[in-house]
Amino acid sequence: MIDFSLPEKLKPQLQMTEMVAKQMMRPKARYYDEHEHERPVEFIKFFWPIMAGMQKASLERARRKAEQAKTGEKPEKEKKGPSTYFIGLMHMVEILSWGDVGQYLIGMFGGLGATAVEAVGTLEQKERFLSRFADPKAEPAWGAMAMTEPGAGSDTSAISTTAVLDEETNEWVLNGEKIFCTNGGLALNESNGFVVVWATVDKSAGRAGMKPFVVEAGTPGVKVTKAEIKHGIRASDTVSIVLDNARIPYDNILGSPEVRKRDPKSTKGFKGAMKTFDASRPIVAATAIGVARAALELTKEKLAEAGITIRYDAPPDELTAIERDIIDMEAELRASWLLTLRAGSMMDYGEPNALESSMCKAKAGQSSTHICQKCVEILGPMGYSREWLIEKLMRDSKIADIYEGTHEINQLIVARRILGYSSRELPA
Amino acid sequence: MYSFTPTEEQQMLIEAIHRYAENDVRKIAHEADENSEAPDAVIAKGWELGVLPGLIPEEYGGYAEGPGAITGVLALEEMAWGDMAITLKVWTPALFALPILISGTEEQKKQYLPLFCDIDRPPMTAALIEPNPLFDPWRPATTATRHNGTITLTGEKTYVPLAAEAERLIVYASDSETGKVDGYIVEKGAEGLEIGERNLLMGIRALPTYDVRLSEVTVSAENRVGGEEGTDYAAILNRSRIAIAAMGVGVARASFEYARDYAKQRVQFGVPIATKQAIAFRLADVAIEVDAARLMVWEAAWKVDQGEDVTQAATLARHYVNKAAMFATDSGVQILGGYGYIREYPVERWLRNARGLATFDGLALV
């Protein structure tokens, strides 16, 4: 039955999230934008135990599942209906991004690194790598994912970082350079974290040769070489990493090390990575929507102070240009959010959502960018001023149109899906 | 708890309507547009699907099991996927029935609603739009002047669907003293009621609409929809916007699917044009807009069913659908290129029909 109501049980959690966003993140948003590379220590301290608690629960679920698989016991039937985990997460991310998306990105902790381990790791690997994110009392730790290279952006198959097995020591030896790694500095230099590095074990095999490897903090030969200075999301940590004969244990490879050309199963590892996008894209869409909602609310607030309120029933000949813009932006924002909720809800129902994920990311990334740019325009000299937050929100919003697959890459994915075309039939 | 899946009953209704839209409506849509006339048999068959009785409670002869806005928009999208003019023609009695259902007095409901639960489509309609480029539904120039126990209606209406055959119609007019807009039930043959020329429109040509002139038409005070309390006009307008938006989604989807299939088989430069990113990406954008528009309509309808105030949601949904439907149908014509402009192909008809969405309830934002 079609239903647009927020599950009751999520309400307390989201109320608390709203409080954090409003009272802790928003007041510091400008500060961390102006002080790039400084860490939002208050937020980290407050948020770490909450996220660690969630990771702990997730790890326990993985243990139970593995136990059940071993004993052949059937998992408990879920009588309560579908999960609300993902929908809850998306609402939370939207609210935190409304507070300050730069700080939120720091607060992902395990982040995409943990997601990769959860998606394809064995139980042993989950224990070994994820426990560090699952102790609320311990020091905070970060996980990151490193895919992009100077010569491999949207074309992930072009990565040139190599992993060679040293059979004598049973270690993988990694060489290459990774860029635009979110939270990479925090993961490698400022905590006991790790980065999931994508490298090729056989360049001639193309995608089938690409594998994810867990590279832990303190690994010799791994160096953070640069912290980017960015247009927006300045509180977020974006780094370059050089791997120079970095040696890691054999068991740090995620998924199978086998490379079998022309065997569809052999691109499983790569497809696994692509599958994590089904989950991460609605989340990026949620961040975009949080930022745009902040901009739109602030704009309406400032307009109201100037005596302008929005009429939803004014005849077209009376409607002002500003009212029209606001109504248009509200419709765009709502439509983006509904697409995003649908993609997220499908995760909770266990339904395949690759198409819907790319749809919501493409839509939300673009609409949020346009909304924030328009808000700067509407507020004139104050919109452009660094005294107010609007200009910062505009800078912050743009990244959602770029990372986790650019707008165009997501369009390409949607196009292939609706046309029933393979990547050969509709090339990038 | 969020869910984006219709119930099983709704799914069955959608499938039944889809069969009708595909096998009956699509077959005659082109000819009906060319001839400005739809065959009675197809309209009757559409009526027999029973969508409107499904929104009317049992006590008035229908079989509604609860609030029906969601069911209504699902049905309208599917039928309008077949053709919007045919859908509007099948649906015209709702212009009378729904205002009574939403805002009628108990007596009005008892008197009129059972008429809509019959196997024969009742000849009833409503007159809202006026021939003025700045027409504002909140300030109709048609006036209602109260006397002792009677009301006199004066003004000019246009775009009144099926007015020539209508036995009764609801006329919307501003109270000459308060300016409040109410609906008034006017019977065929009332003195001063004149059905004028059939309108010549760009699209929805299979739906005959007419000018209607009211020169001091006198009706009893009991004919005001809602009786002494008057008409809940806002609720009626909102519901109408959502219904029209639902049809817009149907037209947009029709155009999207047609252009998608065409692009896959049309070969230029030695390959199907769908393999070109310029075409493929535009189709992707259209697919996103169609889904987004549908979700906007669903949410607004869901809010109606929850009994929430939907003025904002209905405005946003309607605004969004207008834009999305124009984008989708314009893209349809564009992707078909020269053929898109030829009337033999349906996409130009869908573009003409979609342009009317902004007009039909008199609030053009786009």
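**Entry 1. Chain B against chain A**

How many residues does the contact take from chain B and from chain A? I looked this up first, noting that the model is a predicted one. The contact draws 49 residues from chain A and 48 residues from chain B. For the area buried between the two chains I recorded about 4700 Å², with carbon and sulfur atoms giving 65% of that area. On the chain B side, I found that Met1(B), Tyr2(B) and Phe4(B) lose the most area to chain A, and together they make up 19% of what that side buries.

I then turned to charged pairs and counted six salt bridges between chain B and chain A. I examined the one that joins Lys323(B) to Asp328(A), where the closest N and O atoms are 2.6 Å apart.

**Entry 2. Glu332(A)**

Lys323(B) came up again when I listed the neighbours of Glu332(A). Leaving aside residues up to four places away in sequence, Glu332(A) touches Tyr320(B) and Lys323(B) from chain B, and Lys363(A), Ser367(A) and Ile371(A) from chain A. I located Glu332(A) in helix H8 of chain A, which covers residues 321-348.

Is Glu332(A) buried or exposed? I entered Glu332(A) as buried, because its relative accessibility is 14% and the cut-off for buried is under 20%. I also checked a distance along the chain: Glu351(A) is 19 residues from Glu332(A), and their C-alpha atoms are separated by 26 Å.

**Entry 3. Domains of chain B**

I noted the division of chain B into domain 1 (8-117), domain 2 (124-229) and domain 3 (233-358). Between domain 2 and domain 3 of chain B, the contact takes nine residues from the former and eight residues from the latter. Taken over C-alpha atoms, the centres of domain 2 and domain 3 of chain B are 31 Å apart.

Which three residues supply 53% of the area that domain 2 of chain B buries against domain 3 of chain B? I found them to be Trp138(B), Tyr172(B) and Met202(B), which supply more than any other three residues. For the whole of this domain contact, I recorded a buried area of about 830 Å², of which 69% comes from carbon and sulfur atoms. My count of salt bridges between domain 2 and domain 3 of chain B was zero.

**Entry 4. Positive phi in chain A**

I next looked at backbone angles. Phe109(A) is not a glycine, yet I read a positive phi of about 50 degrees for Phe109(A). The residue sits in the loop that runs between helix H3 (85-106) and helix H4 (111-120) of chain A. I entered Phe109(A) as buried because its relative accessibility is 2%.

Glu404(A), likewise not a glycine, has a positive phi of about 55 degrees. I placed Glu404(A) in the loop between helix H11 (390-398) and helix H12 (407-419) of chain A. Its relative accessibility is 17%, so I entered Glu404(A) as buried.

**Entry 5. A nonpolar patch on chain A**

Which residues make the nonpolar surface patch of about 250 Å²? I identified Met16(A), Met19(A) and Phe46(A). Met16(A) belongs to helix H1 of chain A, residues 11-34. I classed Met16(A) as partly exposed because its relative accessibility is 35%, and that class lies between the cut-offs of 20% and 50%.

Technical notes. Residues numbered from 1 in each chain as written. Chains lettered and ligands numbered in written order. Predicted model: local features only at pLDDT ≥ 70, side-chain atom pairs only at ≥ 80, totals over all residues. Heavy atoms only, no water. Patch = residues over 30% accessible without salt bridge, like charges linked within 9 Å, V, L, I, M, F, W, Y side chains within 5 Å. Areas by Shrake-Rupley, 256 points an atom, 1.4 Å probe, with all protein chains shown as cover. Salt bridge = Lys/Arg side-chain N within 4 Å of Asp/Glu carboxyl O. Helix = DSSP H or I, 4+ residues; strand = E, 2+ residues; numbered from the N terminus. Buried < 20%, exposed > 50% of the residue type's maximum accessible area, 1.4 Å probe, protein only. Domains from an automatic or database assignment. Contact = heavy atoms within 4.5 Å. Buried area = accessible area lost by both parts, 1.4 Å probe.
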